Amino acid sequence: MPGTGNYIPREQEIGLLGTWNAGVLSKRSRDGKAADRFMARTDAVVLGAGIVGTSIALHLVKRGLSVALVDRREPGRETSYGNTGVIGSTIFPAAFPSSLGRLIRAALKQAPEVNYHVVSLPRVLPWLMAFRAASSRERRAETARLMRPLMAHAVSEHEALAAEAGAMRYLRKNGLLTLYRSERALAELWTELALAAQFGVPIKFHDAQGARELEPHLAPVFKAAVHWADVASLTDPYAVTRTYAERFAALGGVVLKGDARSLHRAAGRWRVDTSEGPVDADAAVTALGPWTPDLLRPRGIDLPLAVKRGYHRHFALRDGATLGRPVIDMENGFALGPMKQGIRLTTGAEFADRGAPASPVQLRRVIPIARALVPLGEPVDDKPWMGSRPCFADSRPVIGRAPGHPGLWLAYGHGHVGLSLGPVTGRLIAEMMTGKVPFCDPAPYAAERFR
Ligand SMILES: Cc1cc2nc3c(=O)[nH]c(=O)nc-3n(C[C@H](O)[C@H](O)[C@H](O)COP(=O)(O)OP(=O)(O)OC[C@H]3O[C@@H](n4cnc5c(N)ncnc54)[C@H](O)[C@@H]3O)c2cc1C
């Protein structure tokens with residue numbers, strides 16, 4: 001068994017079948033009598049067909065495994081559908097409000113960048129405390145270092161999948177522009193830019209005039225901007241996940257409808273019920289994004305995940321204005337992503353129960369601010385879209401084995417950067433599952449860090 005670097009594969013978790021064995025063990029019920037349902041056997045079943053699960057499934061099938069990708073919906077229809085489309089990010093992760101003024105504004109529900117439901121506060125409070133502890137400058141720098149191996153490969157791993165899947169037409173490589181309105185925001189920026197320089201991340205600092213040379217239709221309502229030149233973006237995140245799923249199917253993978261919560265042990269394997277019948281697998285990967293706790297908690301795996309809900313709406317631009325790349329207003333916590341459907345305005349974090357009714361007050365707060373920045377016309381869609389970012393307080397995902405459950409793997413909690421990190425997560429976990437030397441040390445992403 002190969003094992004080098006800091007990561008030693010413990011066991012070969014999956015035996016290669018190589019081909020999809022639907023029906024091979026079929027039409028036999030437990031008592032041996034003929035049954036009218038198929039039973040299929042695979043090397044691996046991936047639960048959840050967002051960008052994370054779909055990328056994992058594609059990486060596994062590319063390595064010769066037989067793989068079923070199971071979701072209750074079509075691939076890419078949930079969180080991976082409605083994001084801002086940014087591949088890559090700034091260096092520092094999102095942080096708890098650092099000034100008393102911002103905290104009070106948030107508490108009074110007047111901040112454009114954050115909202116919360118009072119009823120959900122008791123449940124989310126421990127998470128918020130952990131998030132606050134992880135938001136010091138030192139901890140954010142540490143998180144940036146630990147996340148760097150993944151972030152550094154975000155664009156190249158998307159490009160590799162997009163090239164073979166025929167999705168390059170959705171990829172735009174002209175960077176990300178972040179805007180800063182106040183001296184205070186600029187003062188915080190210098191540490192981040194120093195770290196970017198250490199990492200060799202290409203950035204360019206602009207005053208408002210310089211930024212307008214890149215994006216001429218931005219009004220000069222901000223003091224400065226940073227152009228993150230090596231960040232890419234997608235014009236249609238949903239189409240990209242769908243295209244990766246099509247590539248997976250073209251390579252012999254099977255996409256099935258089913259409820260992941262039916263996962264259980266049967267005959268020494270993992271079994272999940274699908275609309276085609278039960279599927280058995282040597283290994284199961286849970287990539288259910290914000291729904292992952294629904295599967296894990298009943299199995300005794302209770303990791304501290306919270307959701308930060310976010311909303312979007314699409315707008316046409318007035319007066320022949322254009323926007324060539326995503327723009328983030330850092331202090332107001334909204335982003336503008338040029339998409340196939342128009343300019344997608346996305347909001348910051350809302351702390352609320354995942355299934356609570358939508359409350360798009362942040363959209364109402366940021367639309368006038370965004371309109372003063374770019375000439376947005378009327379919304380082109382009927383109502384706001386809502387999604388839930390699956391977030392751990394330390395802004396790191398969980399990628400690796402499920403403690404105490406041999407053959408069960410976890411890949412979730414990618415928070416604000418899940419679209420970016422789907423393909424690189426797929427590569428990392430596929431390397432771990434097949435006993436290869438992973439391209440980076442997976443220890444910082446292990447579930448065991450919460451013990
Ligand atoms: C407003 C907003 C803006 C964002 N902008 C960006 C950005 O610009 N760049 C970036 O990198 N990230 C961004 N993100 C974050 C990113 O979208 C998420 O981190 C990412 O989509 C998570 O992907 P996922 O595959 O883990 O989850 P999902 O896409 O939610 O996939 C989970 C899948 O599991 C399925 N599922 C759930 N329960 C079950 C069940 N019981 N049985 C079967 N299937 C089930 C769902 O149907 C779904 O398809 C943004 C998020 C939001 C909300």
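**Figure 1. V86 and its partner S233 in a small antiparallel pairing.** In this predicted model, V86 lies opposite S233, a residue of strand β9. The two strands concerned are β3 and β9, the latter made of residues 232-234, and they pair in the antiparallel sense through 2 bridges. A further strand, β5, belongs to the same open sheet, whose 3 strands follow the order β3-β9-β5 with antiparallel pairing. The edges of that sheet are β3 (86-87) and β5 (171-172), each of which pairs on one side only.

**Figure 2. Strand β1 and its two parallel neighbours, β13 and β2.** Strand β1 covers residues 40-47, and 8 of its 8 residues are buried. With strand β13 (residues 277-286), β1 forms a parallel pair over 7 bridges. Within that pair, V46 stands opposite V285 of β13. Strand β2 (residues 67-71) also runs parallel to β1, joined by 4 bridges. Here A44 has V67 in β2 as its bridge partner. From β1 the chain passes through helix α1 (residues 51-62) before reaching β2, and this β-α-β crossover is right-handed. In a regular strand, side chains alternate between the two faces of the sheet.

**Figure 3. The cavity and the residues that line it.** Rolling a probe the size of a water molecule over the atoms shows where empty space is left. A search of the whole structure finds 1 cavity of 30 Å³ or more. The space in the largest cavity comes to about 40 Å³. Its lining is made up of P93, A94, F131, A134, S135, R140, T143, A393, D394 and S395. Sorted by class, the lining of the largest cavity holds 5 nonpolar, 3 polar and 2 charged residues.

**Figure 4. S395, a lining residue of the largest cavity, in its loop.** S395 sits in the loop between β20 (385-392) and β21 (398-401). The phi angle of S395 is positive, at about 55°, although the residue is not a glycine. How is S395 placed with respect to the surface: buried, partly exposed or exposed? The relative accessible area of S395 is 25%, so S395 counts as partly exposed; the cut-off for buried is under 20%, and that for exposed is over 50%. Also in the lining of the largest cavity are A393 and D394.

**Figure 5. D319 in the loop between β14 and β15.** The loop that holds D319 connects β14 (305-317) with β15 (327-329). Phi of D319 is near 55°, which is a positive value in a residue other than glycine. D319 counts as exposed because its relative accessibility is 69%, where exposed requires over 50%.

**Figure 6. The whole protein, as a setting for the close-up views.** The protein has 11 helices and 22 strands. Of its 451 residues, 57% count as buried. Along the principal axes, the C-alpha trace spans about 75 × 45 × 45 Å. What radius of gyration does the protein have, and what would a compact globule with 451 residues have? The protein has 22 Å, and a compact globule with 451 residues would have a value near 22 Å, so the two agree.

Notes:
Residues are numbered from 1 along each chain as its sequence is written. This is a predicted model: local features need pLDDT of at least 70, side-chain atom pairs count only at pLDDT 80 or more; totals for chains, interfaces and linings use all residues. Side-chain values use heavy atoms; hydrogens and water are left out. Buried means under 20% relative accessible area, exposed over 50%, partly exposed in between (1.4 Å probe, protein chains only). Two strands pair if DSSP finds at least two bridges between them. A crossover is right-handed if, with the strands pointing away from the viewer, the path from the first strand over the helix to the second runs clockwise. On a 1 Å grid over the protein atoms alone, a cavity is a set of points where a 1.4 Å probe fits but cannot get out, and a pocket is an open set with protein on both sides within 12 Å along at least five of seven lines; lining residues have an atom within 4 Å of a point. Grid points are joined across faces, edges and corners, and a volume is the space filled by probe spheres set on the points. Ala, Val, Leu, Ile, Met, Phe, Trp, Tyr, Cys and Pro count as nonpolar, Asp, Glu, Lys and Arg as charged, and the others, Gly among them, as polar. The radius of gyration is taken over C-alpha atoms; the globule rule is 2.2 Å times the number of residues to the power 0.38.
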